[in-house]
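Work through the exercises below with the sequence and the model side by side. Try each task before reading its solution.

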Amino acid sequence: MKFATKAIHAGQEPDPTTGAVMTPIYQTSTYWQKSPGDNKGYEYSRGTNPTRKALEDCLAALENARFGLAFSSGMGATDAVMKLLKPGDEVITGDDLYGGSYRIFTKIFANYGIKFHFISFNDPENIRNYVNENTKLIWVETPTNPMMQIVDIEAVSKIAKDVKATLVVDNTFASPYLQNPIDLGANIVMHSVTKYIGGHSDVVMGALVMNDEELYKRLWFIYNACGATPGPQDSFLVLRGIKTLHLRMKAHCENGRKIAEYLKNHPKIDKVYWPGFEDSPGYAVAKKQMRDFGGMISITLKDASLEDTFKVASSFKVFSLAESLGGVESLVNHPPTMTHGSIPKEVREKVGVTDNLLRLSVGVEDIDDLLEDLEQALA
Ligand SMILES: *Cc1c(COP(=O)(O)O)cnc(C)c1O
């Protein structure tokens, strides 16, 4: 089945009891058992729920994977992955990461004896400089948040196999419509479902998908034992959101391209970070591993102080100044003080997260209104 058909049908058979075409919201915590242990495959909703199961099967299908697990947030999903590790284990990850990922690694799991290396993946061979017998996991985000760097997933996956490390790819920025890391050799794909997959900025949720059954069983054990699993209402809302994922992504990409090109020639803009420019450092790899370039764009304002940048950020009328991304509505965010505020200044500035940086999540409104809003805000 092709993507659009899977988005609408995968995991979603008509309900066996009533024939309901839309998956019902199974608002139940527990399930009747005929005799102890003799049940219909469902015992308690922390571990399994039919609405959530339909969503998990759909998510797995969209990533061309066998298994999916939904979590109550993207961070809940990340937390579960890290619990595969033991004290003494080491993780190699990027130096340009979502702020919350950096925070959970350095402020939570570092305290449990796990060591993290934050490195540049521009040349994947750089990974080998940090590998030793304790290396267990490689965590990649691509495109990166917020600098829009591109990591070559296939090249990293070859090194991960070579050194016997589990490769996890945070695929939030691309969405399964634009990029499928499992096909490129990743072991686990992580999503903040809150973003493009949910698509309407009304649900916080995360997900993991994987092919390996052993890995699925270990992660399901953590998911059930630790309990960061989402409820049936949110699962239903995300199933509904996914039905238009392909349509939304096409519109995000189309508007994103027009806005990136408009900003590139704007006198008030210093740099535009968007992987679709032919002269962008990630272009060749993005073209190879992504279906299109997405609707996320970061910009730096020319000769702008923090106050100037705040002034522009607060002047939008159609774009909303808010954290998050990937919804149908356009958002503008100031990473240094908002999404990436938990990263120390010297660390973030090294990769380019300077005070004059703004990140745009281009929505699917009419392009003329978005361009007009940018024009007046920059003025
Ligand atoms: C938002 C985000 C997360 C965290 O997901 P939540 O659903 O907010 O917990 C992780 N990675 C990336 C790239 C994100 O944008």
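**Exercise 1. Sort the residues of strand E1 by the way they point, and say whether they are buried or exposed.**

Solution. Phe67, Leu69 and Phe71 point one way from E1, while Gly68 and Ala70 point the other way. In a regular strand the side chains alternate between the two faces of the sheet. All five are buried, where buried means under 20% relative accessible area, exposed over 50% and partly exposed in between, with a 1.4 Å probe and protein chains only. Because 5 of the 5 residues of E1 (residues 67-71) are buried, the strand is largely enclosed by the rest of the structure. Helices (H or I, at least four residues) and strands (E, at least two) are DSSP runs, numbered from the N terminus.

The model is predicted: local features need pLDDT of at least 70 and side-chain atom pairs count only at pLDDT 80 or more, while totals for chains, interfaces and linings use all residues. Residues are numbered from 1 along each chain as its sequence is written, and side-chain values use heavy atoms, with hydrogens and water left out.

**Exercise 2. Which residue of E7 is the bridge partner of alanine 70?**

Solution. Start with the strands: E1 pairs with E7 (residues 206-210) in the antiparallel sense over 5 bridges; two strands pair if DSSP finds at least two bridges between them. Within E7, alanine 207 is the partner of alanine 70.

**Exercise 3. Locate valine 193 and list what it touches.**

Solution. Valine 193 is in the loop between strand E6 (188-192) and E7. It counts as buried because its relative accessibility is 1%. Leaving out residues up to four places away in sequence, valine 193 touches Gly198, Met205, Gly206, Ala207 and Val238; contact means heavy atoms within 4.5 Å.

**Exercise 4. Which residues come nearest to the ligand?**

Solution. There are 15 residues around the ligand, and Gly74, Asp170, Ser192, Thr194 and Lys195 come nearest; a residue counts as near if one of its heavy atoms lies within 4 Å. Next, take the atom pairs. A side-chain N or O atom of aspartate 170 is 2.7 Å from a nitrogen atom of the ligand. For serine 192, a side-chain N or O atom is 2.8 Å from a ligand oxygen atom. Threonine 194 has a polar side-chain atom 2.7 Å from an oxygen atom of the ligand.

**Exercise 5. How many aromatic pairs does a search of the whole structure find?**

Solution. The search finds 14. Rings of Phe, Tyr and Trp (its six-membered ring) pair if their centres lie within 6.5 Å; planes under 30 degrees apart count as stacked, over 60 as edge-to-face and the rest as tilted. One of the pairs is phenylalanine 116 with phenylalanine 118, stacked at 6.3 Å centre to centre with 20 degrees between the planes. Phenylalanine 116 is buried because its relative accessibility is 13%, whereas phenylalanine 118, at 28%, is partly exposed. Another pair, tryptophan 274 with phenylalanine 277, is edge-to-face, at 5.1 Å and 75 degrees. Both tryptophan 274 and phenylalanine 277 are buried.

**Exercise 6. Which lysine has its charged end over the ring of phenylalanine 277?**

Solution. The residue is lysine 264, whose charged end is 4.2 Å from the ring centre. A charge sits over a ring if NZ of Lys or CZ of Arg is within 6 Å of the ring centre and within 35 degrees of the ring normal.

Note on methods: Polar contact = N/O pair within 3.5 Å; in protein donor to acceptor, adjacent residues only side chain to side chain.
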